[in-house]
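Student: I would like a close look at the interior of this protein chain. Please explain which parts are covered, and how they are linked to their surroundings.

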Amino acid sequence: VKLGGCADPLLVVGSICDSMYKPISASKVGKAHAPAYGYYSDDYELGAVSRCGVRDKNEDAYVVLNDLLQKPLGMGTESDYAIDMKESYFTRFKAHGLYAIFDGHCGNQAARFAAEKFHSILLDESCNYDDIEDDERDDDLILREILNASIERLDEEFCEFCIRDGRDWYSGSTAIVALMVDDKIAVASVGDASGVLSSSSRNIDLAVMNGWSVLEEHDEDLNKLGGSKGGIVYREVAESHCPSRPAERERIQAANGWVTHETEIPIISQFQRMNWSDQDVLDIFHRCFSDRFSDSHGKPARILDIYRVCGDLAVSRAIGDREYKAAFNRDPALQDDQMDAGNNEWRSPAPMPFHTYQEIHKEEHTGIFEGDLVIATPSIQFFQVGSYGDDEFLVIACDGLWDVIDPDDAVRVTRNLIFVLGFSTKECAERLAELAGGLGSSDNITVIVVRFYGKSSGLS
């Protein structure tokens, strides 16, 4: 088990559950950073890195496990489960791994807790399936259930822990989790962390029909099946949970919440932080940023739209953020029958910018909510390694990367690093984080790169 970022044992002592971290500021991890992590096997290679960036503290954490059935990390709490590995659903697979990034906000407590705890919870949930019954069920369906249950349980346990033994935490975290079993990848996302999968496809028409985008076509070596050209294709693997999305907005408003909107021209603030001596920065700028100055009418183009839950939180799904969730803020005097009758009213224990509601609706808010403003339900997608070609790799990262690098550029840069310059995935992760900083990222930057060895790589 490798923990990184604000959970790296080279930077912090013990577990976030230890009493020494009860004060909110006690777990702060400043500008210090640990070396990047690398792992190699016959089937795949992995690199991971977490950098503080321009921030004064790092609230990102990551966890890497190359064998899910190894003993979980102990945390010194009653949640350390006595797990019988033989009962885990993962025992039916020959290979399995877990690669996850947790991007914290309002403190690093949620990110550290998630990085430390998620493996234990995932294993425990994987033991809840009867072998006889589940032998006839689809693996995707079962893996989806395990991931859903694990992430929602992680959220519940953290929110409850936030007020235990005198704690008063209001931290939250987004998440992107890549679960690999044999040649299948399940990617679960909560919030705005994201990722991209790249492949050298032998049939780009087929790939496009299944939701992939084309980075470049190869005129040579036409595929005889359907006459399709070969080429480089990529696909985003996560779904961003923004308050502006209709379904998210409807849920928030149904809970008596509201969504605010503001705009920003990010390129102006980025200029001062950009590294103009970096050729990759210049290439990406000329390719993707030069059209952001003005449109044909001389007005700013590609204005960044920022939507916030109740004028505060910029994501509509997250682990933690208990002040936005009904279950942890209801009146304790309510009886069970009252809640069963649909009484789901609650007040947030944290200060809310109610003036932003009044600015929109021209009336005062009651201060009462009726349901969850923020949820931890993940979006989950499945991918088959080698289904469209070879030379495949996966990049997952927090928004510190994706705020300044589009998915196609992440693929373009990573392919050049791996297949032209011969970089390891560890060096690739470091370079992507460095490049994000050079492009003016204003956030912590955490990146994991996984390269899958296919036929064209010469390895198996």
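Tutor: The answer below begins with the way the model is to be read, then turns to the interior and to some of its surroundings.

The model is predicted, so local features need a pLDDT of at least 70 and side-chain atom pairs count only at pLDDT 80 or more, while totals for chains, interfaces and linings use all residues. Residues are numbered from 1 along each chain as its sequence is written, and side-chain values use heavy atoms, with hydrogens and water left out.

Several terms recur. Helices (H or I, at least four residues) and strands (E, at least two) are DSSP runs, numbered from the N terminus. A residue is buried under 20% relative accessible area, exposed over 50%, and partly exposed in between, with a 1.4 Å probe and protein chains only. A contact means heavy atoms within 4.5 Å.

The interior may be entered through its largest nonpolar core, a set of buried Ala, Val, Leu, Ile, Met, Phe, Trp, Tyr and Cys residues joined through side-chain atoms within 4.5 Å. The largest such core has 50 residues, and those with the most contacts inside it are F90, F102, F118, L122 and L147. At least two residues of this core come from each of several elements, among them strand 4 (60–65), strand 5 (96–105), helix 3 (139–161) and strand 16 (379–384). Helix 1 gives the largest share, nine residues.

Two leucines show how these elements meet. L147 touches F118, L122, V177, L179, A186, A188, P378 and I380, when residues up to four places away in sequence are not counted. L98, in strand 5, is buried, with a relative accessible area of 0%. Under the same exclusion of residues up to four places away, L98 touches V63, V64, L65, L68, F118, L122, V177 and A178. Although L98 and V63 are 35 residues apart along the chain, their C-alpha atoms are separated by 7.6 Å.

Between strand 6 and strand 7 there is a loop that holds D182. D182 is partly exposed, at a relative accessible area of 32%, and its phi is near 50°, a positive value in a residue other than glycine.

Another covered part is strand 3 (residues 44–51), in which eight of eight residues are buried. Both of its faces are covered: Y44, L46, A48 and S50 are on one side, with E45, G47, V49 and R51 on the other. Here pairing means that DSSP finds at least two bridges between two strands. Strand 2 (residues 37–40) runs antiparallel to strand 3 and is joined to it by four bridges. These two strands form a hairpin with three residues between them, and Y37 stands opposite A48. Eight bridges join strand 3 to strand 18 (residues 445–452), also in an antiparallel arrangement; V447 in strand 18 is the bridge partner of V49.

Helix 5 (residues 246–254) gives a contrast between its sides. Its buried residues are E248, R251 and I252. They lie on the same side of helix 5 because they cover an arc of only 95° around the axis, the arc being that of the directions from the helix axis to the C-beta atoms. On the other side, P246, A247, E250 and A254 are exposed. The buried residues pack against strand 11 (259–264) and strand 12 (304–309).

A loop can also hold a buried residue. N329, in the loop between strand 13 (319–320) and helix 8 (336–340), is buried at a relative accessible area of 11%. A polar contact is a pair of N or O atoms within 3.5 Å; within protein, one must be able to donate a hydrogen and the other to accept it, and residues adjacent in sequence count only if both atoms are side-chain atoms. The side chain of N329 reaches the backbone oxygen of K325 at 2.7 Å, and a polar atom of that side chain lies 2.6 Å from the backbone oxygen of R322.

Finally, confidence should be considered. pLDDT is the predictor's confidence in each residue, from 0 to 100. The protein chain averages 86; strand 13 is highest at 98, and helix 8 is lowest at a mean of 51. Where pLDDT is low, the predicted coordinates should not be read in detail.
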